[in-house]
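Colleague: Hi! Could you walk me through this one?
Modeller: Happy to, here it is.

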Amino acid sequence: MTDDTLMRGRALAAAFGNDLLTDYAPDALGAGDVRQQLACGLLPTDDGSLEVGEMRVPLARRLESIPVASCAVRARMFLLCEQALSVHTPRPEVFSYRSLGWRYRPAYQARQHHLRALATRHDLPLVLVLDVQRFGQSLPMEALLHTPWMTKPLAEALTALRAVTGRCLLPGHRWSNRLATAALAPLDETMAALAPGRWARWGDDIHVFTRDQYEAHDIRAAAVASLDRLGLCLSPEKSAVTAASSVLTGPARVLTGRPEEVWRTGLARGDVTALRYALSRTPPDTTVSLTLVDAVRERPVLLPRAAHYLDHAVYTPAGQAATKRLLQTTEADMFTAARLLALAGRHPELVGEVPDELLAVAGRSGFTPLREMAFRVSVLRDHQHMCPPTLRMENWRCVSGFARRQRPQVSTLL
């Protein structure tokens with residue numbers, strides 16, 4: 001094995017691990033298997049089956065049923081996309097999912113800095129905000145197949161996946177976000193020609209800083225034409241012209257202060273952005289733990305970061321009480337099971353608090369990662385699981401010290 005192969009394998013393993021930070025259904029052991037193979041420069045073993053489940057997920061403004069794929073499927077799509085996109089370089093104004101080594105937080109901060117710099121320019125008083133209508137669901141397969149970087153293996157895999165899921169982009173997958181970023185390159189060229197250096201894109205959210213309403217109108221018309229050629233259209237609700245300073249309280253807003261204080265302020269104002277920010281950064285804090293469960297019940301979108309926070313706070317009296325209350329009072333569905341069973345799988349002392357209904361939801365899901373998670377928790381509880389174990393879980397159970405082996409991941413960007 002060459003040094004280059006090993007280095008690329010490690011880069012793939014790190015990027016695949018970051019992919020799982022936006023995974024709606026954390027895999028009990030499959031992710032560890034894939035990362036280990038990639039780190040050794042090996043291609044993950046895969047029988048070619050397309051195992052996909054469906055889960056209702058609370059997004060920022062709505063509930064949406066989305067497809068969720070097993071780690072084997074994710075790994076295959078991830079590798080095919082990286083091979084195809086090795087010849088594609090996004091424009092510098094594009095900040096989302098640019099490369100194999102791309103990292104979320106530095107990229108988000110770079111976008112904030114870029115937007116803030118543009119918002120302070122006196123010659124650009126307006127910002128044109130553009131958003132593609134249901135981009136993840138509406139991007140036509142033809143638009144992807146006709147891109148200059150598309151390869152035959154990737155095209156075949158995307159076609160097969162679309163036949164199973166009805167989509168060619170799956171939310172929460174790094175490979176999908178990489179494709180989505182690259183697919184809008186024709187729109188980027190339009191923006192660069194009309195407003196060079198005066199725009200920024202994150203996913204399908206575009207901000208163009210303009211001199212006046214007339215220029216904004218012309219750029220919007222050009223964007224509509226460019227999107228039409230891709231089979232897409234703008235969202236009328238999310239596309240508008242407003243004061244350039246509006247980005248300072250929106251996408252360019254910088255949260256500061258101690259995370260615990262940001263949490264308290266966020267609760268008082270109903271500020272979900274502040275609450276998400278705080279949960280991923282605050283150390284175990286009594287006030288946060290005492291108010292966490294009610295906040296999650298009112299805003300289920302906070303559940304992934306709540307599980308991340310409780311992974312550390314569970315060792316404190318208030319954090320342990322909050323964890324038990326969350327397990328016992330949260331509505332049992334696949335989204336909840338994915339996050340809370342992973343948390344229990346990391347902390348065997350919690351398995352006795354897991355409701356039977358939560359295990360049953362995961363067991364009935366028919367989706368292997370969730371069934372494996374339920375099996376894992378059932379074994380830790382010394383209970384009989386309703387479904388026979390997979391080969392992976394049989395092997396896991398046969399290893400000494402299995403309770404602590406390859407613990408499920410609850411770190412998250414969601």
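Colleague: Are Phe 16 and Phe 78 buried or exposed?
Modeller: Phe 16 is buried, and Phe 78 is too; buried means under 20% relative accessible area, exposed over 50%, and partly exposed in between, with a 1.4 Å probe and protein chains only. Keep in mind that this is a predicted model, where local features need pLDDT of at least 70, side-chain atom pairs count only at pLDDT 80 or more, and totals for chains, interfaces and linings use all residues. Residues are numbered from 1 along each chain as its sequence is written, and side-chain values use heavy atoms, with hydrogens and water left out.

Colleague: Cool. How many aromatic pairs does the structure hold?
Modeller: There are 7 aromatic pairs. Rings of Phe, Tyr and Trp (its six-membered ring) pair if their centres lie within 6.5 Å; planes under 30 degrees apart are stacked, over 60 edge-to-face, and the rest tilted. Phe 16 and Phe 78 make an edge-to-face pair, 5.9 Å centre to centre with 65° between the planes.

Colleague: And which pair is stacked?
Modeller: Tyr 104 and Tyr 108 form a stacked pair, at 6.0 Å centre to centre and 5° between the planes. They are about one helical turn apart because they sit 4 residues apart in helix 4 (helices are DSSP runs of H or I, at least four residues, and strands of E, at least two, numbered from the N terminus).

Colleague: New topic: what is the phi of Tyr 97?
Modeller: Near 45°, so positive, in a residue other than glycine. Most residues other than glycine have a negative phi. Tyr 97 lies in the loop between helix 3 (71-85) and helix 4 (104-119).
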